Amino acid sequence: METATPITTAESKATLSPWRLFWQRLKRRRIAMFGGVILIVLYLVALFAGFIAPYGYQRMDNNGFFHPPTWPRLKGFHLVVPRYEELPGAYHYRALPNDTKPIRFFVHGDPYKLFGLISSTVHLFGTGDPNYPVYLLGADQFGRDEFSRLLYGSQISLSIGIIGILLSFMFGMIIGGISGYFSGWTDSFIMRFCELIMSIPALYLIISLRATFPPGMSSAQVYLMIVVILSFIGWASMARVIRGMALSLREQQFVLAARALGQKHLKIIVRHILPNTFSYVIVAATLSVPYYILGEVVLSFLGVGIQEPNASWGNMLTAAQNTEYLKNYPWLLAPGVAIFSTVLAFNFLGDGLRDAADTKSL
Amino acid sequence: MNLLEIKNLKMDFGKNADALRAVDGVSLTIGTGETVCLVGESGCGKTVTALSIARLVPAPPANYVGGEILLNGQDVLKMSNGQLREIRGGVVSYIFQEPGASLNPVFRIGNQIKESLKLHRPEKLRGGDAPSPNSRGEGVTPTPLRRGVAATLRGLLKKSSDAEIIRLLKLVGIPAPESRIKNYPFEMSGGMQQRVMIAMALASEPKLLVADEPTTALDVTIQAQILELLHGLKQRLGMAILLITHNLGIVGDMADRVAVMYAGQIVELSPAKELLRRPLHPYTRALMNSVPKLGRATRWGEATDEPAREDARPTRLQAIPGNVPRIGNFPPGCRFAPRCPIAKPECSQKNPDLVEVEPGRFVRCPFWKIE
């Protein structure tokens, strides 16, 4: 008979904060962690897009309209890409397997600014020869590298979700907190206003709001405008939920205790009510990021979002509207796959967070 | 001047036709360093009266129709919001029944005590080197900017502010306060949580501590500890305590004076020892008869073989017949009359006044002499 396993003293939970417990529960959920890792990779790539992308997002290859994906092959000790020869007719290409060039790392190429600050021309990989392009995901109708544009586009598409969430949740929490804490007519007024905003079909509101802005705005302005529009719609639903939680929290004794200490109303809301909604807010935020990403996609897809030549996943997909293109050049759907994976990853993570935040599921 | 003087306080819930009179003409004084107990059944207006001292009952629905609450000679009912925030915590501190619910579950207890300090004694958070008022004016006066920078630096170093929190936790008898400071409320037992609440209440050095059934949610041994703690603190810090309870056992240990409330009114107000020895109002008597006592055999004590002696014959625990009248539906005349064993026909005609029948003893019953 085996000897009994020594009794290990249970790990002391006395010093674990609620956040640590939350993290421990989250770690046990594989799919959530998987989603989280994917998101971390995506955001890191977006952060270093200029460096990782072999080409600039504006660079057009006049000999490479609808260039097919070129995948590096191993030849000897080198990864090589072949040269492509354009065939007569509608953008058909043929690889020349014997005319290759090795891929080099840290090559000089199109200039870019890392984090919008550091000017550089060094790219992670490339051939350094425009006749031997590396189009991992092919090229679009203007001969621009789909992969590079996907990376540049992720900067916009991924950040719009985070910034939008930050804005709308900040407003939603403060307004919802005020509404629920004070209740009474303040509450009625704010809630009726929320319902007013929510009752307007979001897409029409977006488009009509967009119409109030002048055309020909710079990309930065459009970007800001999209964030503001999406947040303007998004805060109302958040405010409603927070208001409901605040309504129940305000009856808690610790709120009375804070009042008995002489604390101000606003500080009670910010210090005592809102922190108690965080476990919900984090989950809700994670699950709502996809709506902001999709919102940008919709706007750009409709042509009122990020304008060419700037890349976003939405306006890249515009090219895939054409079924003829889609049939012949399926790589134009790459941004769709990117959107799909990102949204899925956010949902995986959000579901896991929700389970981890629910203490009953221990 | 008394620390607290409640004069003929009348408070309704709701307005006009819907008004329900929750507190009806309560007068009560508390002197500096005095302990007063407020006793009564659930719903008789004890808590509402106590919360009114710092005007903590949300208005609406609360509606003060009459009377005044003089705290240090100032009428609380006439104070502005800013003044109220000053006295809340500053002059009156509260501890409540459920210590677990009174602490914010998402903050470490050290931070919660710090909040109280920040509001009322911010100088304690700046550490020991804060300039005392009389040392100002000599040497170099620090400019506001320089003081701000210094405060920020000290804030970064942080340690100094913990000293006062640790002192407070020690004061309320929490062992190893240095490590407890980082605990979350859910990591503590009910007794410890209540001690933290008391530390929070004491952090602002109040003149009056209102303890609203501070031990009801705790088990008996912890009850005794907490009460002992309150008693000791009161003597060391010289603050007054208003203790709300429905446990007459506590009264004897703690109180200097007792006010018994029934249906929104004080029915008897008396020094604690005399009240316990010889209750005058029929309600107080009934209340005391309904407390089971050791040594007085009850039906449950029949298991002994010895023949029961005449005076130890099992007696049924005396409950007060009937129910507490619903607020807004008080009987005419004396509110206790329908349940009173000595009620006379005239009792339901006119509600008697609170009369001083002996020095320091007030009773709202003209027939208090009848046994």
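## Questions on the two chains of a predicted model

User: Which residues of helix α9 (residues 265-273) of chain A are called buried?

Analyst: I268(A), I269(A), H272(A) and I273(A) are the buried residues of helix α9 of chain A. The structure is a predicted model, and a residue is called buried there if 20 or more other C-beta atoms lie within 10 Å of its own.

User: Why can the buried residues be placed on the same side of α9(A)?

Analyst: They are on the same side of α9(A) because they cover an arc of only 110° around the axis. Their cover includes α4, α7 (219-249) and α8 (253-260) of chain A.

User: Why is S154(A) classed as buried or exposed?

Analyst: S154(A) has 24 other C-beta atoms within 10 Å. The cut-off for a buried residue is 20 or more, so S154(A) is buried. S154(A) belongs to helix α4 (residues 146-182) of chain A.

User: What does S154(A) contact, leaving aside its neighbours within four places in sequence?

Analyst: S154(A) is in contact with L42(A), V45(A), A46(A), A49(A) and A338(A). A separate value concerns T127(A), which is 27 residues from S154(A) along the chain, with 24 Å between their C-alpha atoms.

User: What makes L39(A) partly exposed?

Analyst: L39(A) has 19 other C-beta atoms within 10 Å. A buried residue needs 20 or more and an exposed one 12 or fewer, so L39(A), with its 19, counts as partly exposed. L39(A) is found in helix α2 of chain A. Not counting residues up to four places away in sequence, L39(A) touches A345(A), F346(A) and L349(A). From L39(A) to W71(A), 32 residues apart in sequence, the C-alpha to C-alpha separation is 25 Å.

User: How do you know where confidence is lowest and highest in chain A?

Analyst: The evidence is the mean pLDDT, on a scale from 0 to 100. In chain A, confidence is lowest in helix α6 (residues 202-212), with a mean of 76, and highest in helix α2 (residues 30-47), at 91. The average for chain A is 82, and 94% of the residues score at least 70. Over residues 1-13 of chain A, however, pLDDT stays under 50, and the model has 0 contacts beyond four places in sequence for them.

User: What are the domains of chain A, and how many residues of each are in contact with the other?

Analyst: Chain A is divided into domain 1 (50-148) and domain 2 (153-361). Contact involves 9 residues of domain 1 and 7 residues of domain 2 of chain A. The side of domain 1 of chain A that touches domain 2 has 4 nonpolar, 3 polar and 2 charged residues. Taken over C-alpha atoms, the centres of these two domains are 36 Å apart.

User: How do you know that β1 and β2 of chain B pair?

Analyst: Two strands pair if there are at least two bridges between them. Strand β1 (residues 4-13) of chain B is joined to β2(B) by 8 bridges, so the requirement is met. The two strands run antiparallel, and E5(B) stands opposite T29(B) in β2(B).

User: What joins β4 of chain B to its partners?

Analyst: Strand β4 (residues 62-71) of chain B is joined to β1(B) by 8 bridges, in an antiparallel run. Here E5(B) stands opposite L70(B) in β4(B). Between β4(B) and β5(B) there are 2 bridges, also antiparallel; because at least two are required, these strands pair as well. L71(B) stands opposite Q74(B) in β5(B). The hairpin formed by β4(B) and β5(B) has 2 residues between the strands, and N72(B) in the turn has a positive phi of about 55°.

User: Which strands are called edge strands in this sheet of chain B?

Analyst: The sheet is open, with 4 strands in the order β2-β1-β4-β5 and antiparallel pairing. Its edge strands are β2 (20-30) and β5 (74-75) of chain B, each of which pairs on one side only.

User: Which element supplies the largest share of the side of chain B that touches chain A?

Analyst: The largest share comes from α2(B), with 5 residues. In total, 23 residues of chain B are in contact with 17 residues of chain A. At least two residues of this side come from each of α2 (81-90), β6 (92-95), α3 (99-102) and α4 (109-120) of chain B. By class, the side comprises 10 nonpolar, 7 polar and 6 charged residues.

Conventions
Residues numbered from 1 in each chain as written. Chains lettered and ligands numbered in written order. Predicted model: local features only at pLDDT ≥ 70, side-chain atom pairs only at ≥ 80, totals over all residues. Domains from an automatic or database assignment. Contact = placed C-beta atoms within 7 Å. Nonpolar A, V, L, I, M, F, W, Y, C, P; charged D, E, K, R; others polar. pLDDT = per-residue confidence, 0-100. Arc of directions from axis to C-beta.
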